[in-house]
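Me: Please take a close look at the biggest enclosed space in this model, and then set it in the context of its surroundings. I would like one connected account rather than a list.

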Amino acid sequence: MEPALTEPPPEPAVPVLRRADLHGALSEPVLDTMNFLNEITYRYPDAISFAPGRPYDGFFDTEQVFTHTRRYLDHLSAQGSSPQQIRTALYQYGPTAGTIREIIADSLRADEGIDVPAEALVVTVGAQEAMLLVLRALITGPDDVLLVSSPCYVGIVGAARLLDIAVHPVQERDDGLACADVEAAIQEQRARGKRPRALYVLPDHANPSGNTLDLRAREDLLRIAARHGVLILEDSPYRMVSPGLRLPTLKSLDRGRSVVHLGSFSKTVFPGARVGFVVADQPVETGDGGRGLLAAELAKIKSMVTVNTPSLSQAAVAGALLAAEGRLSELNSEAAAYYGEAMRAVLGRLDTCLPAARREALGVRWNKPTGGFFLSVRVPFRADTAALNRAAQEFGVIWTPMENFHPLGGGRNGIRLSISYLTSSEIQEGIARLARFIEAESSESER
């Protein structure tokens, strides 16, 4: 007999999750910033984009990856590693804190005057992971506060939001972060019963403002940190890709171990490797009468986040460092000159398209960084995502709204321009389009 036909089982209902039931940070606009810029660039492929803060592709050669990796493997062999040990170093997970800490420490000594033992470093998946590890270790309760400059890099604010960490912005002045404002913010938070735990700062050619702290401000900031027991989280990825003399890092000036230094090879070697590091040489009492370093505590957290930084990426970065004898400044001399020229081209073209008398009449002004990837322009109209869409659609130019970088509001009349990813001809045409957009929006806002 034929088996009796039966009704197919009903399709199970697919559960629909509500964002309201997910972590609150997922509703924060800051988490949409990078995705939005990628989306609008994709939507308007013919527009000239001053949005991406990425290195110029022209400095990358596919063969470099193999050359750098081979250089590192030869280094291991010269140190006495057997073929099996080399294979393990390349293919296996490796130690959580990283396999190339000695090489990075040597590079910091040679290039930056930062003299720390390898044990004070943790190699991370980009500087972004370093931020997350440090925040998770330092912020222990609801009264702990992270101070940031405003405007501020969105990555640190996003990491803080994901970890439910309170962020208190310190408003930058036209020429950058003022130490008096930092000290006032520390005192204000303490008066409210809060504990300012750390200050995040980009002292060199900051993202997004482009501002740089002078030497006196760096020294004053270290004194304030020591006086109030606040750690400084120093993030400075643009130093080695900027022309001219470099001011000393906060970490190289740090005598009281008040600075946790965040590093990245994304701008100097190549971004796809996703290799960063953190220098955390602060002593930690272990509770059993012993002492360790903060880096060891960060490695514990990392072991539960990414387990380790990919060995292949570390090998490529290490090979680049070895080939340059640790001096990223020399490895990036050509790139630094290129970005410096790009910055001068943008500033010169702005002056041509919006001469002094005209920009004064419009109420337009901009700063003049000497390096880095970014500068900021103030305009007399609301520079929000609606204005950005109009710029892309009607004028064929893309930029980044500065209000994306203000944690508690602000920056409504600011735009960020990135100079790093465009050719000279694209800069010339792109700034001309931007000037036409600014003229049109300014006229509209006067009605």
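Reply: In this predicted model, the largest cavity has a volume of about 220 Å³. Its lining is made up of 18 residues, and those that lie nearest the centre of the cavity are Leu108, Glu112, Met240, Phe277 and Leu328. Sorted by class, the lining of this largest cavity contains nine nonpolar, six polar and three charged residues. Two elements, helix α4 (101-112) and strand β7 (259-264), each supply at least two residues of that lining, and α4 provides the largest share, with five residues.

Glu112, one of the residues nearest the centre of the largest cavity, also leads into the charged pairs of the model. Salt bridges that share partners join Glu112 with Asp204, Arg218 and Arg239 in one network. Within this network, the side chains of Arg218 and Asp204 meet in a salt bridge, with an N to O distance of 2.6 Å. Arg218 belongs to helix α8 (residues 215-228), whereas Asp204 sits in the loop between β5 (195-201) and α8, so that the pair, 14 residues apart, links distant parts of the chain. Both Arg218 and Asp204 are buried.

In general terms, side chains of opposite charge can pair when their charged atoms come close. The structure holds 28 salt bridges, and two others may be set beside the buried pair. Asp220 forms a salt bridge with Arg216, with 3.8 Å between the closest N and O atoms; because these two residues are four apart in helix α8, about one helical turn separates them. Arg216 has a relative accessibility of 63% and therefore counts as exposed. In helix α10 (residues 294-303), Glu297 and Lys300 are three residues apart and so are likewise separated by about one helical turn, and their salt bridge has its closest N and O atoms 3.2 Å apart. Glu297 is partly exposed, with a relative accessible area of 24%, while Lys300, at 52%, is exposed.

The largest cavity also has to be placed among the other spaces. The structure holds three cavities of 30 Å³ or more, and the second largest of them has a volume of about 100 Å³. This second largest cavity is lined by 18 residues, with Ser149, Glu172, Leu202, Ala206 and Asn211 lying nearest its centre. By class, its lining has eleven nonpolar, six polar and one charged residues.

Turning from the cavities to the open spaces, the largest pocket has a volume of about 1200 Å³. It is lined by 43 residues, and Met34, Gly53, Tyr153, Asn207 and Lys267 are those that lie nearest the centre of the pocket. Helices α1 (33-43), α5 (126-138) and α6 (154-162) each supply at least two residues of this lining, and α5 gives the most, with six residues. The lining of the largest pocket divides into 24 nonpolar, 13 polar and six charged residues.

The second largest pocket holds about 470 Å³ of space. It is lined by 22 residues, and the closest to its centre are Asp174, Arg365, Ser376, Arg378 and Met402. Strands β11, β12 and β15 each supply at least two residues of the lining of this pocket, with the largest share, three residues, coming from β12. The classes in the lining of the second largest pocket are five nonpolar, eleven polar and six charged residues.

The three strands that contribute to the second largest pocket belong to an open sheet of four strands, in the order β11-β12-β15-β14, with antiparallel pairing. At the edges stand β11 (365-366) and β14 (400-401), each with a single partner strand, so one side of each has no neighbour in the sheet. As a general point, strands of a sheet pair through backbone hydrogen bonds, either parallel or antiparallel. Strand β12 (residues 374-378) pairs with strand β15 (residues 414-418) in the antiparallel sense over five bridges, and Phe374 stands opposite Ser418 in β15.

To return to the part you asked about, the largest cavity, of about 220 Å³, draws five of its lining residues from α4, and Glu112, among the residues nearest its centre, is joined to Asp204, Arg218 and Arg239 through salt bridges that share partners.

Definitions and conventions. Residues numbered from 1 in each chain as written. Predicted model: local features only at pLDDT ≥ 70, side-chain atom pairs only at ≥ 80, totals over all residues. Heavy atoms only, no water. Salt bridge = Lys/Arg side-chain N within 4 Å of Asp/Glu carboxyl O. Buried < 20%, exposed > 50% of the residue type's maximum accessible area, 1.4 Å probe, protein only. 1 Å grid on protein atoms, 1.4 Å probe; cavity = no way out; pocket = protein on both sides within 12 Å on 5 of 7 lines; lining within 4 Å. Points joined across faces, edges and corners; volume = space filled by probe spheres on them. Nonpolar A, V, L, I, M, F, W, Y, C, P; charged D, E, K, R; others polar. Pairing = 2+ DSSP bridges.
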